Amino acid sequence: MSAASISPATANLVHIDGVSEPVSFVPSRFNARTTAPDGTLVLYNSFTGAFTGFPGRLTEQVERLLSQTGFRSPVKGITKYLYERGYVVHDGTDELDRVRLLYGNQHHRSDQLELILLTSEECNFRCVYCYETFPRGTMEPWVRSSVIQMVERRAKRLNTFSASYFGGEPLLGLEAIEELAPAFKRICEEHDIGKSSAITTNAYLLNPDLFNRLVEWDIRMFQITIDGAPSDHDQHRILKGGGDTFHTIFENVLATQASKEDFRVVLRVNFDHENLPRMEEFLGMLEPLKNDPRYILRFYPVGTWGGPNDDDLEICGLQGERERQRLDVRATELGLTAESRMPYLESRSGMGVCYAARPFNLLIGADGKIMKCTVALD
């Protein structure tokens, strides 16, 4: 590994092959550990994102190496394994300083621009847990042209650009997407800017023709919410004015498989005490997506997010995280891809810093209002 390929965050975590002299180590301050019922020692490091299960026969040895008193050892065997994953660090390492450096490198970058665009603040659904108030419709033409001009002005200084389409329901603002997405694609191609685009949609309007058009505009990451089995979903995610939505959404999702393009569909599944009993039925319906890495499941416990129905929701509370882990495991057993969302600081995309805190991330409303957070819209 060359020196040029080592990021500031990982400078002290590179391989040290051939070292025979003992080195002093101490456990990382970012370690978290627990012991599973079968005796497996489960270790997680929130700086590197390393996650390891050590079988019972190694537990005593690993626990000894993770003692706060530290140890001296050549960099080989289990010591090397722990070191390369950040579970142990050189004695005297200032890990807090490393975090400050990582944060500063992300927070003060001027070569990145991330835009979250409310192409429509209206929605064709009225979900029971929604916190939005739907004050207006499609993004106004002057806002769209102003956003494009801003990106064009910044283009010469940018290395990466990301556009995320949000709402309301962003596809109700298709007129705005039709103007923005091709313009972003053109600008990034002209200036050789790395680009990513995503959309958070309920997928009710995402027919195959529209899906293919979005992919042509390089919108290749889709987050789509399906709240379990049809009967449960249709009680959670209701059409404005009333009506079921599950089967239209499900058919639109399955139809995306016909595309040979590179894309990702994140299926967000919100769960509560009401839909958990039929989650096995829902997972069975996802069999057509088995072993297809383009489709990723993410389970979220419903919370009281500030909507008018908060007092009536059957939320899981403290049990939510345990149920999420159980659903992750069950989905994986069925051949589906369930994505772990454990955050960690050493992230090339800066995920260790909330997007709302990054100065190069802006949320732009349909009326041109500039905001920072997709939850605290007011």
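## Cysteines

A disulfide is a pair of cysteine sulfur atoms within 2.5 Å. In this predicted model, the count by that rule is zero disulfides. Take C123. Its closest cysteine sulfur belongs to C127 and lies 6.2 Å away, so the two are too far apart for a bond. C127 is in no disulfide either. For C127, the nearest cysteine sulfur is that of C130, at 6.1 Å.

Are C123 and C127 buried or exposed? C123 has 10% relative accessibility and counts as buried. C127 is buried too, with a relative accessible area of 14%.

## The three-stranded sheet

Three strands make an open sheet, ordered β5-β1-β6. The pairing is antiparallel. Strands of a sheet pair through backbone hydrogen bonds, either parallel or antiparallel. Which strands stand at the edges? They are β5 (71-73) and β6 (88-90). Each has a single partner strand, so one side of each is left without a neighbour in the sheet. On average, neighbouring strands of this sheet are turned by 45 degrees against each other, direction ignored.

Strand β1 covers residues 23-27. Its antiparallel pairing with β6 runs over three bridges. Within this part of the sheet, V26 stands opposite V89 of β6.

## The β3-β4 hairpin

Strand β3 (residues 41-45) runs antiparallel to β4, and four bridges join them. One bridge partner pair is L41 with F54 in β4. The hairpin has five residues between the strands. There, G49 takes a positive phi near 85 degrees.

Strand β4 (residues 51-54) shows alternating side chains. T52 and F54 point to one face and are buried. F51 and G53 point to the other face and are not buried. F54 thus appears twice: as the bridge partner of L41, and as a buried residue of β4.

## Helices α5 and α6

Helix α5 spans residues 174-191, and helix α6 spans residues 208-216. How do their axes cross? They come within 10 Å and cross at roughly 30 degrees. Angles under 35 degrees count as roughly parallel, so α5 is roughly parallel to α6.

From α5, the contact is made by L174, I177, E178 and K185. From α6, L210, R213, L214 and E216 take part. By class, the contact has four nonpolar and four charged residues, with no polar ones.

Methods: Residues numbered from 1 in each chain as written. Predicted model: local features only at pLDDT ≥ 70, side-chain atom pairs only at ≥ 80, totals over all residues. Heavy atoms only, no water. Pairing = 2+ DSSP bridges. Helix = DSSP H or I, 4+ residues; strand = E, 2+ residues; numbered from the N terminus. Axes fitted to C-alpha atoms, helices over the stretch in contact; angles between N-to-C directions. Buried < 20%, exposed > 50% of the residue type's maximum accessible area, 1.4 Å probe, protein only. Parallel < 35°, antiparallel > 145°, perpendicular 65-115°, else oblique. Contact = heavy atoms within 4.5 Å. Nonpolar A, V, L, I, M, F, W, Y, C, P; charged D, E, K, R; others polar.
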